[in-house]
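Subject: A structure for you to explore

Hi there,

Here is the structure I promised to pass on to you. Please open it and keep it in view while you read my notes below.

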Amino acid sequence: MRKAVISLLLVSAVVTGCESAEHPPVNAGPPSTAGTRQLTDAEQLRISDAQQRLIGACMRGQGFEFWEAERLSVEESRTLGYVLDDVAWARKYGYGSRLQAEDAAARAANPNLAYRKRLSEQRRQAYDEALDGGLDVPVMSVEIPGGGTVRKQMGGCVGESEKKLYGDPREWFRAEKTAGHLRALYVPRVLADQRFSAAQNAWSRCMKRSGYDYSDPGASRQSAIAKSDRVAEPKVFEAERKLAVADATCAQDTDLLSIGEERESHYVAQLRDRYGEALDTYLRLQHRALDRAKRIVGPRA
């Protein structure tokens, strides 16, 4: 599959679900820093919706059709961090496996993919160039915390949408990737922290009293993910739902989330000498994008 089609899938994705339990942040994104708060899920979704609207307008302006992604509710689009402590949400959605399955089906049925496939080879190439600049667009790259380099080709309507929302796409790319990959540095410290470990052990004991033997929330969630291909089966989903409710209840009873957030902030603060500028830039540009998104789309229900 060509890069442009991958870009198309990415820009039409609906955020739904769990973070990887392999590298689990306590929160869904980089913590607040320097007095600037982290955006809520609803605010981040509004930026995503605004970007969809901008891409669609740009593509239609170049003579192509474009369909915006299906919009789940704010509640359904919740992004889970390492600790789930919302019992009501868990009672309704479990760990979100059914929502993720719905999201995957929506992506597979993305009308933009079908539309692109129907185009002639020449028009398809023009579509790809309009969407993200095609194969000859300049490549941006940034070294990420913990080692390695991330690269991104950015042009076309995708690039224009980011420019209108965030300003300089290169500045946003550097800040976003740096802030997002900081978890590789601070998450191991949080998980090894004595206060967090003690709270996590208390969570594990609470889970045992509920009939579940898991050492940490990541293990609990992974057991549900392992059966997510069968989540359409009522018994499988009911088992996930009950497990998630026990997980969230124990997280509340042990203050696991608040302790994790405090320890996370502590270790992120230790990285500010090196990465503070990137963190500040990340949040500043997110708030700028939100201000601009508010002029483009309304909030989700």
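Let's begin at D49, which counts as buried because its relative accessibility is 4%, under the 20% cut-off. Before going further, please keep in mind that this is a predicted model.

What does D49 pair with? D49 makes a salt bridge with R300, and their closest N and O atoms are 2.7 Å apart. This pair ties together distant parts of the chain: D49 belongs to helix α2 (residues 41-61), while R300 lies in the segment after α14, and 251 residues separate them. R300 has a relative accessible area of 14%, so it is buried too.

Now a step back to the whole chain. Its secondary structure consists of 14 helices and two strands. The chain has 301 residues, and 47% of them count as buried. Its accessible surface is about 14800 Å², with 48% of that belonging to carbon and sulfur atoms. Looking at contacts between residues at least 6 apart in sequence, 76% join residues at least 24 apart.

Back to salt bridges: how many are there by this rule? The count comes to 17 salt bridges. Here are some that you can look up:

- R78 forms one with D86, and the closest N and O atoms are 2.7 Å apart. R78 is partly exposed, at 21% relative accessibility, and D86 is partly exposed as well, at 26%.
- R230 forms one with E233, where the closest N and O atoms are 3.3 Å apart. Both ends are partly exposed: R230 has a relative accessible area of 40%, and E233 has 37%.
- D193, R195, E262 and R263 are joined into one network by salt bridges that share partners.

Next, have a look at two helices that meet. How do helix α7 and helix α14 lie relative to each other, parallel or perpendicular? The axes of α7 (residues 156-166) and α14 (residues 272-293) come within 7 Å and cross at roughly 100 degrees. The two helices are therefore roughly perpendicular to each other, since angles of 65 to 115 degrees count that way.

Which residues make this contact? From α7 come K163, K164, L165 and Y166, and from α14 come L285, Q286, R288, A289, R292 and A293. Sorted by type, the residues of this contact are five nonpolar, one polar and four charged.

Finally, please find Q44, which is located in helix α2. Is Q44 buried or partly exposed? Q44 has a relative accessible area of 32%, so it is partly exposed. If its neighbours within four places in sequence are left aside, Q44 is in contact with L39 and Q286. You have already met Q286, as one of the α14 residues that touch α7. Another α14 residue from that contact is A289. Q44 and A289 are 245 residues apart in sequence, yet 9.2 Å apart in space from C-alpha to C-alpha.

If you would like a route through the model, try the D49 and R300 salt bridge, then the crossing of α7 and α14, and then Q44 with its contacts L39 and Q286.

Happy exploring, and best wishes!

Terms used
Residues are numbered from 1 along each chain as its sequence is written. This is a predicted model: local features need pLDDT of at least 70, side-chain atom pairs count only at pLDDT 80 or more; totals for chains, interfaces and linings use all residues. Side-chain values use heavy atoms; hydrogens and water are left out. Axes are lines fitted to C-alpha atoms, for helices over the stretch in contact, and angles run from 0 to 180 degrees between N-to-C directions. Helices (H or I, at least four residues) and strands (E, at least two) are DSSP runs, numbered from the N terminus. Angles under 35 degrees count as roughly parallel, over 145 as roughly antiparallel, 65 to 115 as roughly perpendicular and the rest as oblique. Contact means heavy atoms within 4.5 Å. Ala, Val, Leu, Ile, Met, Phe, Trp, Tyr, Cys and Pro count as nonpolar, Asp, Glu, Lys and Arg as charged, and the others, Gly among them, as polar. A salt bridge is a side-chain nitrogen of Lys or Arg within 4 Å of a carboxyl oxygen of Asp or Glu. Buried means under 20% relative accessible area, exposed over 50%, partly exposed in between (1.4 Å probe, protein chains only). Accessible areas come from the Shrake-Rupley method with a 1.4 Å probe; for residues, only the protein chains shown count as cover.
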